[in-house]
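Got your viewer open? Follow along and select each residue as it comes up.

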Amino acid sequence: MPTTRPSGRTFPTDFLWGSATASYQIEGAAAKGGRTASIWDTFSRTPGKVLDGDTGDVASDHYHHVAEDVALMQAIGLQAYRLSIAWPRVQPGGSGEFNEEGIAFYRDLLDRLRAAGIAPVVTLYHWDLPQELEDAGGWTNRETAVAFGEYARRMALELGDRVSLWTTLNEPWCSAYLGYASGVHAPGVTDGAAALAAVHHLNLAHGLAARAIREVLGEDAPVSVTLNLHVTRAASDDPADVDAKAQIDTIANEVFLGPMLEGAYPERVFTDTAAVSDWSFVQDGDLETIRVPLTQLGVNYYSTGRVRAGVPAVGDGGPGPDGHKSSGHSPWVGATEVEFLPQPGPHTAMGWNIEPQGLVDLLLELRDRYPALPLVITENGAAFEDVVEDGRVHDPERIAYVHDHVDAVGEAMAAGADVRGYFVWSLMDNFEWAYGYSKRFGIVHIDYTTGTRTPKDSAAWYAELIRTRTVPAPDALAELVVPGA
Ligand code: PNW
């Protein structure tokens with residue numbers, strides 16, 4: 001896949017270049033240091049849920065490679081690193097007692113990052129819910145949101161002086177709909193009503209956590225949430241197709257943007273989902289709790305979707321970023337007359353189509369809607385087959401993907417979008433959820449047998465981007481010097 005956009009665009013000096021990971025995907029040490037099971041431990045150990053029976057028991061073994069991994073970040077020149085805290089590592093039951101050893105692991109990691117001049121962006125929830133909370137209903141239970149607020153409060157107390165930006169939730173769309181409707185993610189529930197309750201309780205959890213952080217650290221404490229806003233196109237301008245797109249926008253995007261930023265659910269979600277739920281889980285005062293002024297909005301972007309009015313094809317593998325239909329249950333709760341169409345290529349190894357223009361469109365829409373809200377790209381990247389050769393890892397397609405999407409961010413900024421940073425997903429190869437270790441997103445290659453880390457060509461290219469603040473030609477690779485290697 002060649003680049004489709006020009007090289008050479010320059011970014012402002014205060015634009016933050018980073019890379020992202022998530023606890024369950026990289027840490028391993030699933031039973032060490034007092035950590036108890038999360039829903040992903042349970043799910044991945046259930047036969048048939050994750051490809052090849054892979055689990056996060058060892059993952060990229062980051063738990064035992066912290067010093068080396070921070071050194072790699074330094075060699076690449078990262079200015080920021082987005083990590084997540086494993087809730088069951090710091091509070092094993094999800095409520096009650098906290099685990100000092102788990103907290104110490106993150107305190108040490110944050111200290112190392114700061115010593116290396118790397119700003120830590122910390123996500124409180126990247127999907128590893130303590131199993132004990134799931135046993136009590138998980139995100140269908142309002143108490144989980146309350147527990148999350150208390151967990152956030154304690155993290156702010158323990159780690160607050162070390163964190164540059166807090167993110168409450170990563171992609172609540174995935175937690176709610178892949179977790180409780182299509183069931184392809186943990187906890188693997190397939191019940192539309194449960195998914196809508198999860199949507200609301202995740203929103204509530206966000207509000208309670210954001211407020212707790214600000215109570216501890218002050219009104220100016222930097223707080224964000226990361227959403228995977230879906231960019232969906234209507235197949236034609238036929239009103240029925242346009243309405244199909246509006247329905248997806250509502251159930252995928254507006255149910256989070258509305259409460260978090262505008263103080264209300266979109267009216268049409270209640271009619272679109274009337275056959276599934278009466279939304280009686282929304283209580284008086286919840287919407288006031290959920291709406292919190294955010295320091296930044298995190299945007300994860302990978303691909304686009306295309307829909308028309310029609311009969312949903314469930315169980316066909318599905319196209320685009322919703323390509324998780326193999327359970328035979330749709331994640332699109334209430335969208336009984338929306339059909340997803342295959343998107344033209346090129347595609348990544350996930351089968352997701354590559355369309356940088358979708359990122360431009362998304363950022364410009366957010367600019368228009370929330371002109372005063374700074375944005376940050378908290379994830380963007382791609383899975384491809386790497387070519388390992390003579391100790392080097394060649395990944396020209398990943399370079400082209402990042403090249404084109406970074407340029408897209410720059411285009412949106414030139415048109416007035418207030419984007420403050422970009423985090424490539426991911427720093428290293430890791431456990432790609434239901435796909436296990438079969439999909440590699442890293443700019444650093446992981447040998448899962450030996451734990452050996454090898455920066456890919458994309459890491460050297462990204463280092464050149466950070467060094468020059470200018471989108472390099474795809475073959476411009478900086479020399480990486482890994483301290484202590
Ligand atoms: C995001 N979808 O996951 C997550 O934040 C990361 O943990 C993950 O590794 C990365 O993107 C790559 O997949 C998503 O089906 C998973 O639309 C599924 C979807 C979107 C994002």
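Start with the largest cavity in this predicted model: its volume is about 380 Å³. To find the middle of the largest cavity, select Glu171, Cys174, Asn228, Tyr302 and Trp352, the closest to its centre among the 26 residues that line it. Sorted by class, the lining of the largest cavity has 14 nonpolar, nine polar and three charged residues. Now colour helix α8, residues 172-180: helix α8 gives the most to this lining, with three residues. The model has six cavities of 30 Å³ or more, so keep the cavity display on for the next stop.

Next up is the second largest cavity, at about 60 Å³. Which element gives the most to the lining of the second largest cavity? That's α8, with four residues. Helix α2 (39-44) joins α8 as an element that gives two or more residues to this lining. Select the residues that line the second largest cavity, among them Ile39, Trp40, Cys174, Ala186 and Pro187. By class, you'll be looking at nine nonpolar residues, three polar ones and no charged ones.

Stay with Ala186 and Pro187 for a moment. Show the backbone between Ala186 and Pro187, and you'll see a cis peptide bond with omega of about 10°. Pro187 sits in the loop between α8 and α9.

Now go to Glu379. The unreviewed UniProt entry places the feature "active site" here. Glu379 is part of strand β10, which covers residues 375-380. Is Glu379 buried or exposed? Its relative accessible area is 4%, so Glu379 is buried. Show side chains and pick out Arg82: a polar contact of 2.9 Å joins the side chains of Glu379 and Arg82. Beyond its neighbours within four places in sequence, Glu379 is in contact with several residues, including His126, Asn170, Glu171, Tyr302 and Trp425. You've already met Glu171 and Tyr302, in the lining of the largest cavity.

Follow Trp425 to the next residue along. The peptide bond from Trp425 to Ser426 is cis, and omega is near 10°. Ser426 belongs to the loop between β13 (419-425) and β14 (444-446).

Time for helix α9, residues 192-217, where you'll find His200. His200 counts as buried because its relative accessibility is 0%. Leave out residues up to four places away in sequence, and His200 touches Arg142, Tyr265, Phe281, Val282, Gln283, Asp286 and Ile290.

Hop over to Thr232 in strand β6 (residues 232-234). Thr232 is buried too, with a relative accessible area of 6%. Not counting residues up to four places away in sequence, Thr232 touches Lys245, Ile248, Asp249, Gly305 and Val307. Then try a distance: how far apart in space are Thr232 and Leu362, C-alpha to C-alpha? They are 9.9 Å apart, with their positions 130 residues apart in sequence.

Last stop: the loop between α2 and α3 (66-76), where you can select Asp52. Asp52 isn't a glycine, but has a positive phi of about 60°. Asp61 is in the loop between α2 and α3 as well, and its phi is also positive, near 55°. Turn on the surface to compare the two. Asp52 counts as exposed, at 67% relative accessibility, whereas Asp61 is buried, with a relative accessible area of 18%. Why does Asp61 count as buried at 18%? Buried means under 20% relative accessible area, so Asp61 falls within that group.

Terms used:
Residues are numbered from 1 along each chain as its sequence is written. This is a predicted model: local features need pLDDT of at least 70, side-chain atom pairs count only at pLDDT 80 or more; totals for chains, interfaces and linings use all residues. Side-chain values use heavy atoms; hydrogens and water are left out. UniProt positions are given in the numbering used here, feature names are shortened, and annotations may be inferred rather than shown by experiment. Buried means under 20% relative accessible area, exposed over 50%, partly exposed in between (1.4 Å probe, protein chains only). Contact means heavy atoms within 4.5 Å. A polar contact is a pair of N or O atoms within 3.5 Å; within protein, one must be able to donate a hydrogen and the other to accept it, and residues adjacent in sequence count only if both atoms are side-chain atoms. On a 1 Å grid over the protein atoms alone, a cavity is a set of points where a 1.4 Å probe fits but cannot get out, and a pocket is an open set with protein on both sides within 12 Å along at least five of seven lines; lining residues have an atom within 4 Å of a point. Grid points are joined across faces, edges and corners, and a volume is the space filled by probe spheres set on the points. Ala, Val, Leu, Ile, Met, Phe, Trp, Tyr, Cys and Pro count as nonpolar, Asp, Glu, Lys and Arg as charged, and the others, Gly among them, as polar.
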